[in-house]
Amino acid sequence: MADLKKEIEDSLQQYKEAEYQELIQQLRPKPPVVKNALAAFAVGGFICAFAQAINNVIIQTGLPQKEAGTVVVIIMIFLGALLTGLGVYDNIGKFSGAGSIIPITGFANAIVSSAMEWKREGYLFGVAAKMFTIAGPVLVYGILSSVVIGIVYYFLK
Amino acid sequence: MVKILMAFLIGGLICLLGQLIMDLTPFSVTPTHILVAVVIGGAFVSAFGWYQPLIDIGGAGATIPLSGFGHSLAQGAISGAEKNGLLGAIGGGMEATAVGVVGAVVLGYLMALIFNPQG
């Protein structure tokens with residue numbers, strides 16, 4: 001008897017949960033796709049244009065393009081990390097979505113913001129461990145891809 | 001000036017594509033998903049030789065998005081395989097991107113030391 005009662009209660013609970021999930025799906029606002037896409041385009045484009053401008057200046061000093069590209073990447077990482085520390089980058093990120101996530105400045109932002117946030121956990125398990133919350137997966141799958149490509153190339157060439 | 005405009009266009013388009021993937025897929029796509037997808041995508045597009053043309057057109061517009069990091073990883077692995085065989089194939093990607101990765105770790109760590117989260 002007790003079993004039956006429990007079973008009824010459980011299924012009622014499940015039904016309520018399913019109903020609730022459905023309600024959430026209906027009420028959740030649809031993302032403004034066009035507006036988000038335009039914001040991502042504008043901000044992502046601006047960041048890249050800015051990097052290209054730095055690149056053009058560095059080229060003037062006579063550095064070859066390959067080295068200049070590396071220097072630009074370092075400068076952009078520095079700026080992304082600095083603006084995150086100052087609390088500016090996350091404000092840009094609020095409305096530009098992928099536009100501020102995908103450029104390398106977004107990678108720097110991911111490292112600094114999670115490292116900063118977990119600082120109170122200490123410098124080992126806080127800063128050093130948590131700085132790879134997002135950067136870790138990126139490095140892992142990036143390295144895996146590179147090794148797969150390298151080995152396949154080695155055997156196919 | 002033309003180069004800056006092209007960087008704006010190509011870089012903007014890559015970010016727009018990422019944003020559309022975030023908004024139009026039914027399951028929730030986090031920034032981590034997007035970054036990982038862009039790096040893997042960039043690496044394999046580059047392996048087929050299709051990323052270099054994008055850099056020729058867009059310059060920083062193609063190297064600054066993380067797909068450019070994937071491109072460097074893939075091209076590093078390929079040129080490593082050419083020069084040093086199997087060992088080069090394994091280490092080449094990291095070798096080519098070492099300065100960027102070290103830069104991100106060191107600068108990220110320093111900034112996290114200096115600043116505290118707002119609010």
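User: What makes up the contact between chain A and chain B?

Analyst: In this predicted model, chain B gives 66 residues and chain A gives 66 residues. A pair counts when the C-beta atoms lie within 7 Å. On chain B, α1 (2-24), α2, α4 (60-63) and α5 each supply at least two residues of the side that touches chain A. The largest share, 28 residues, comes from α5(B).

User: What kinds of residue form the side of chain B that touches chain A?

Analyst: That side divides into 45 nonpolar, 19 polar and two charged residues. Gly goes with the polar group.

User: Why are A:I134 and A:Y154 of α8(A) called buried?

Analyst: Buried requires 20 or more other C-beta atoms within 10 Å of the residue's own. A:I134 and A:Y154 are buried, so they meet that cut-off. Others in α8(A) are buried too, including A:V138, A:G142 and A:I149.

User: What covers the buried residues of α8(A)?

Analyst: The cover includes α6 (104-117) of chain A. It also includes α2 (31-47) and α5 (66-114) of chain B.

User: How do you know what span to expect for helix α8 of chain A?

Analyst: Helix α8 (residues 132-156) has 25 residues. The expected span is 1.5 Å times one less than that number, so 36 Å is expected. The helix reaches 34 Å from its first C-alpha to its last, close to that value.

User: Which residues touch the most other members of the largest nonpolar core?

Analyst: A:F107 and B:L35 do, in a core of 71 residues. The largest share of this core, 13 residues, comes from α5(B). A:F107 touches A:A135, A:V138, B:L35, B:L66 and B:A104, not counting residues up to four places away in sequence.

Definitions and conventions. Residues numbered from 1 in each chain as written. Chains lettered and ligands numbered in written order. Predicted model: local features only at pLDDT ≥ 70, side-chain atom pairs only at ≥ 80, totals over all residues. Helix = DSSP H or I, 4+ residues; strand = E, 2+ residues; numbered from the N terminus. Buried ≥ 20, exposed ≤ 12 C-beta atoms within 10 Å, placed from the backbone. Contact = placed C-beta atoms within 7 Å. Core = buried A, V, L, I, M, F, W, Y, C linked by C-beta atoms within 7 Å.
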